[in-house]
Amino acid sequence: MLTALMILCLGCVKHGPPSAAAAKGNGAAIVEVSGGNQIAAAGAVLEQPLVVQVNDAKGAPVASAAVTLHDAQGTTFQPNSGLTGADGQFATIATLGAQAGRYQILATAKDTGGKTVDLRLPEIALSYEATIGRHLSDYYCSRCHDQESSAERVSNYDNLIEKPHAFTDGAFLNRISDSDLTAIITHGGPAVGKPAEMPPYGATLHKSDIEALVAWIRAAADPPYQQKEIVYAQP
Amino acid sequence: MRKFLIKLRQTLFGDSARAFGTLGIVMLLSMAVVPLRDQLREWSPYQNQYLKMIGGRADAVSLRRRFESGIHQIYNPKLGVVDRCTTCHTGMQEASLRNVSLQPLNAHPPIPHRLQDFGCVICHRGQGAATSVEEAHHSSRASEQPMLPARYVESSCGQCHLDRSPGTPSLNTGRNLLASYGCVRCHVVTLPDGAKITPTDDPPELTHIAEKTTREWVYGWLKSPQSYSATATMPNYQFKDDELRDISAFLVPQSPTPASAPPLAPAPPDAATLQAGASLYGESFCASCHAVQNAAGLMVGGNVGPELTRIGMKAKPAWLAKWIGNPKVYDPGTEMPHYRFDEKQIALITGFLGSKTDSDWMSGIHLDAPTNQQIARGKQLVSASGCTSCHVIDGLPKSENFAPELTVVGSLPLVKALFKPGMDHSLPAYIEAKIREPRSLGPGLKMPQFSLSPAQVQALTTALLAQTDRARTLPPSMRVAGVYPTPYEPAGEAGRLMRDLNCFTCHAINGHGGDMAPDLTWEGTSVQRVWLFKFMKNPNTLRPALIRRMPKFNLDDHEANVITDYLMTVYQTPAFDRDETVTHADKAEAENGRQLFYSKYACQSCHIVDPKQDKGYIGPTLTAVGSRMNAAWIFHWLKGPAALRARTLEPNWSMSDTDARELTAFLVAQKGQSAKMGNKP
């Protein structure tokens, strides 16, 4: 009988949308396994699936717990709800909303008391400009600015005397104005009293390319970059 | 009641003056309704909301001055655009509203085109002329299209853009996938400029399959290609077991057995031989093209050739030895170069590859000798499944146009599409479902199941949605031309050698070839002959950070001389003379150059001149650049690197002639160790 129920539950995960009645497991917490902090173009499918796990009070995975994802800001999911598998995990594919910016995807489950436990997964949707900037940055900048080294692409970070800042380093980069960032990229480090290790790209990239790079640096910043309000002269 | 009506008629229309007065009042009232009706339009609240929002802003005066109430329209007869979307999306063209995240009032994010030139529906589709929310966005009448979900918006770029613009990553990926997954071998896809997408995959001919592999392997492979090789692009045809039995029976014994019996499989190599084989595999840089899945499940290596994780299960040792000896004998069009391995080396590599097996993979497959009936059924199945669209198979004609043409699939009328229950009733949803699970849309469909990630499915859908009627009717002047490979081929003995070694798999020359290694169009201006000859004989590492490197082809002196002479003579830039004197290389100049190298330009960040102190390894090592490159090339390179090699990582320094000359003087003095040995060809 129990086996039959289990099969029924597993069937639900695979096929139809689960009904609340089919959910048997109740956890104490919902945690992220993978899929947070991804970056994609606005409106695009996130490359990696979102995987969340429902745990009980002792931290052990809970099977057959109902998980729901909420489509705030136009994000859609395939599927948007379901039951956790035997490993306590639930996976879904997310498509970001059409607006560029920061997204907080909300995943919820019910705990044993029937209260909602939730998890927020931050994701970043890039504007067209930032997408171009990301592409340029991958090609021209990340060899030094990204510490991450792989066999396919070795980072030059360790070879530099003055260490470059990762473009995600919002704590540092958010304090530099757009015009200063543009000056560093265009004229190289010495333009703002930094070493010549940062070469000038003003004769290599177009003005629009450099604007795109600044847009990408702003989009990728962690903590997020807060755009300053433009101050207009009063009439 | 009747009396009242008569009286009313008397009062209003009793005589001509009364009638005229009454009609006048009615006219006045109805004229007042017209502006009132505008107030009741669906777009009116949005315009009021917009005025309210900008009212509180510091730039309210400017914004209000540019705002007009009523219907807004972008009209461009050349493109057939009549778009009234900006009636509600009021702030679209106001750059200062980019931070506002309030639809429909915010500004459009920055794109390279002006809204007034292109309008909205060219990119977003939907009905531009409509002035109600429902009709403009969601119209699903047979002749009309609803708006495109944002994730496919790049497909609209593809109506004009045939170049691989960096702004359309998903479209580019999709078009690449159409070519590399063999989609265009069954479906014809013609781009708006009339060029057919040509396949870039290389499905093997099956004429000699019995020499290469076993019937059991073919059975297991067809059952699930991805279980054999996770990176396989071959789709799964979801054949049943008896179908697999018959197809493998038809495919494998059909090949004529070679006249001379193949040599017996060599004894399994001992550990030392295996190790030597692994070393040779590494030294020959097989991994530049072939991937192997490591213990952690990660793919290590390139994707030019097939994955070799389980190659020992597939390739018969005798065939493997023959293939490694000279792949061109078996397949003249292969991208695999003809390494000049000797017998011992061939045995080492064959032994090493033969050891790459997986005891689980074929364990469940046991096939009895086939009956003629089974073979006949196999032939029928192979023919009906369209196998000959990709593979050459003896006894079967190549199938042309096996599947429907997809040239205008982006404008497919929905009445022609099949939907399953519960599916979103739209063209993007239909195309996506067709790609993701082709056979789920109905019984008897032939399209096989591909292994694609969600992002790949999105990319393919984007590329197909770009194939619209509109793309073909747009003025040709709007088209951004595609970059197509040229048919360039080098001539003579050198040309034959370069094809034998497949130089063009990695290097491009005159617009033909790959981008894995440097473009060689002007190599003859760049390098010195002595160095090039030595490099041909034994390619050493110029860029230590690269994993993909030039393999050692074991060329003899004659071959190396032929290629070197050809490269030195033919591939020269017309922009300047290789032997131009740019520096007298005196000590003072070189010393200034050293200062510039280490301080002003900080070249050591990316290059190494002195291995003891310099560490940069993004650019090539320059320890012996003076015995490798010509002074004129170095000088002109420093003046403008992208002019000599497009897309080089070296930035343009806008360097003065003096700086470039002094740096050149410093660099040509770097002769390295090899120069002292005085090697001559």
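These legends accompany close-up views of salt bridges and of a chain contact in a predicted model.

**View 1. A salt bridge within helix α5 of chain A.** Here the side chains of E211(A) and K207(A) meet, with 3.3 Å from N to O. Both residues belong to helix α5 (residues 207-220) of chain A, where they sit four residues apart, so about one helical turn separates them. For your solvent bookkeeping, K207(A) is exposed at a relative accessible area of 67%, while E211(A) is partly exposed at 40%.

**View 2. A salt bridge between two loops of chain B.** R310(B) and D358(B) pair through their side chains, at 2.6 Å from N to O. R310(B) comes from the loop between β4 (299-301) and α16 (311-314), and D358(B) from the loop between α19 (343-354) and α20 (372-384), so the pair ties together parts of chain B that are 48 residues apart in sequence. R310(B) has a relative accessible area of 15%, and because the cut-off for buried is under 20%, this residue counts as buried.

**View 3. A salt bridge between two helices of chain B.** In this close-up, K639(B) and D657(B) form a salt bridge whose closest N and O atoms are 2.7 Å apart. K639(B) lies in helix α29 (residues 631-639) and D657(B) in helix α31 (residues 657-668), so that distant parts of the chain, 18 residues apart, are linked. Each partner is partly exposed: K639(B) at 30% relative accessibility, and D657(B) at 37%.

**View 4. A salt-bridge network in chain B.** D242(B), R245(B), D246(B) and R377(B) are joined into one network by salt bridges that share partners. For context, the count over all chains comes to 24 salt bridges.

**View 5. The contact between chain B and chain A.** Chain B brings 41 residues to this contact and chain A brings 37. Together the two chains bury about 3600 Å², of which 57% is on carbon and sulfur atoms. On the chain B side, I618(B), R647(B) and L649(B) lose the most area to chain A, together accounting for 15% of what that side buries.

**View 6. Polar pairs and helices at the same interface of chain B and chain A**. How many salt bridges cross the interface of chain B and chain A? The rule finds zero, and the count of residue pairs in polar contact is seven. In chain B, α22 (454-465) and α28 (587-600) each supply at least two residues of the side that touches chain A. The helix that gives the most is α22(B), with three residues. Sorted by class, this side of chain B has 20 nonpolar, 14 polar and seven charged residues.

Key:
Residues numbered from 1 in each chain as written. Chains lettered and ligands numbered in written order. Predicted model: local features only at pLDDT ≥ 70, side-chain atom pairs only at ≥ 80, totals over all residues. Heavy atoms only, no water. Salt bridge = Lys/Arg side-chain N within 4 Å of Asp/Glu carboxyl O. Buried < 20%, exposed > 50% of the residue type's maximum accessible area, 1.4 Å probe, protein only. Contact = heavy atoms within 4.5 Å. Buried area = accessible area lost by both parts, 1.4 Å probe. Polar contact = N/O pair within 3.5 Å; in protein donor to acceptor, adjacent residues only side chain to side chain. Nonpolar A, V, L, I, M, F, W, Y, C, P; charged D, E, K, R; others polar.
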